[in-house]
Amino acid sequence: MADVLNSTRENRQKFAGKPSLSPGIIWLGTNTCDGNIISTMNTFRPSLQEVLEDFDFYYSSMIMAPEGESASEKWRLPQVQKGAFILVVEGTVPTAYAGKTAVVGQVNGQNITALELVKELGTLARWVVAAGVCASFGGPYAAYPNPTGSVAVSKVLNRPVINVPGCPVNPRWVLETLYYLKEKGAPELDPLGRPRFLYKDTVHSRCEFLPLFEAGIFAQEIGQKGCTYLLGCKGPSTRADCPVRLWNDEKSAWNVGVNSICIGCTSPEFPDQVAPFFKHETDLYFKPKRINLDSLALGTAAFTLAGIGAHLAGKVLTGRVKLGSKKPVPTLSLVRKGFKKLKDSKK
Ligand code: SF4
């Protein structure tokens, strides 16, 4: 990816002082906390200034000066009507109540909903990028019980959408996607619409604690350095390059690197099917309802613990858990403790 960013820098020097040849961007926030554009604006390399020199931001409520109807006029720019722009959407598109739970602006005194605008601009745009997990897959804004009928951007458009999930998105993921579009065109996507060059590998496969996982050595509590698999880490089922990318251009650490867990925020299952985050896969999920096994009858709990026991036994047999190690490992006593806890909670 560095080649794309370098060639952009060379182009900037080559065309210094000449009219911008950059593609324009409309960055539209729908049902969102705006965390994705805030994350993107925190970029170190390229700097935000360089990004604004490399792309014409026709519209972004967080970057532009105009507001109200003078901001909405940007949607009618001739370049936009000709489709010479990239539409970046962050947030879900609410579909309940004819989309009226998300009004994103006004034109001639009439409210414009996110549903209307995403459909209109999404049909015109050269490319559509969904920035963040909400726009990509629904995420927290479409979480159960989802009263606004929120859906991912791809659900309201009859065209390919480039999904760049994360909660929030890593600045480099969305910027490298935009630079890739600018320099090379559409990237290869995985079956979930994510650029393969960003989401090819699981977090687990590149994690610094993989050797500890394979040796069956696990952290016993949050804050303890080590593999947090038994504390709820979703790294094995999550695709992203966080362990090597880190955050803000390698200036900050990442969740597991600071002795916490991966919560699976780049997956379509996030957040309903990966919650509670700090719990190791002992919950069952029957969409749209999640059942916490701790609250079920003892018989069910026993069944669960039998499952955990079998899970651990499987790990022992495959060599992933070494019983008798001096390091903290999950043992059958852990299962016994869990069983006692559940019995106590029934008294
Ligand atoms: Fe895998 Fe998570 Fe353990 Fe890292 S901390 S090795 S991602 S389970």
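Modeller: A strand here is a DSSP run of E with at least two residues, and strands are numbered from the N terminus. The model is predicted. Tyr97 sits in the loop between strand 4 (93-94) and strand 5 (103-107).

Colleague: What is the phi of Tyr97 near?

Modeller: Near 55°, a positive value in a residue other than glycine. Ala98 also has a phi near 55°, again positive and again not in a glycine. The loop between strand 4 and strand 5 holds Ala98 too.

Colleague: Is Ala98 buried or exposed?

Modeller: A residue counts as exposed if 12 or fewer other C-beta atoms lie within 10 Å of its own. Ala98 has 11 such neighbours inside 10 Å, so it is exposed. Tyr97 has 13 other C-beta atoms within 10 Å and is therefore partly exposed.

Colleague: Which peptide bond has omega of about 0°?

Modeller: The one joining Arg45 and Pro46, which is cis. Pro46 belongs to the loop between helix 2 (35-41) and helix 3 (48-54). Another cis bond runs from Tyr144 to Pro145, with omega near 10°. Pro145 is placed in the loop between helix 7 (133-137) and strand 8 (150-151).

Colleague: On to the interior. Which residues of the largest nonpolar core touch the most other members?

Modeller: In soluble globular proteins, nonpolar side chains tend to be buried together. In this model the largest nonpolar core has 73 residues, and Ile86, Leu87, Ala130 and Val153 touch the most other members. Elements that each supply at least two residues of this core include strand 1 (24-29), strand 3 (85-90) and helix 6 (114-124). Helix 8 gives the largest share, six residues. At least three residues of the core come from each of domain 1 (2-198) and domain 2 (204-346).

Colleague: What does Ile86 touch, leaving out residues up to four places away in sequence?

Modeller: Its partners include Pro23, Ile25, Trp127, Val129, Leu178 and Leu181, and Arg126 is also among them.

Colleague: Which residues come nearest to the ligand?

Modeller: Of the 14 residues around the ligand, Cys207, Cys227, Tyr229, Cys233 and Gly235 come nearest. The shell divides into 11 nonpolar residues, three polar and no charged.

Colleague: Where is the pLDDT below 50?

Modeller: Where pLDDT is low, the predicted coordinates should not be read in detail. The chain averages a pLDDT of 83, and 73% of the residues score at least 70. Residues 14-21 fall below 50, with two contacts beyond near neighbours in sequence. Residues 316-336 are also below 50, but that stretch has 29 such contacts in the model.

How values were computed: Residues are numbered from 1 along each chain as its sequence is written. This is a predicted model: local features need pLDDT of at least 70, side-chain atom pairs count only at pLDDT 80 or more; totals for chains, interfaces and linings use all residues. A residue is near a molecule or strand if its C-beta atom, placed from the backbone, lies within 6 Å of it. Ala, Val, Leu, Ile, Met, Phe, Trp, Tyr, Cys and Pro count as nonpolar, Asp, Glu, Lys and Arg as charged, and the others, Gly among them, as polar. pLDDT is the predictor's confidence in each residue, from 0 to 100. Two residues are in contact if their C-beta atoms, placed from the backbone, lie within 7 Å. Helices (H or I, at least four residues) and strands (E, at least two) are DSSP runs, numbered from the N terminus. A residue is buried if 20 or more other C-beta atoms lie within 10 Å of its own, exposed if 12 or fewer, and partly exposed in between; C-beta atoms are placed from the backbone. A nonpolar core is a set of buried Ala, Val, Leu, Ile, Met, Phe, Trp, Tyr and Cys residues joined through C-beta atoms within 7 Å. Domain bounds come from an automatic or database domain assignment.
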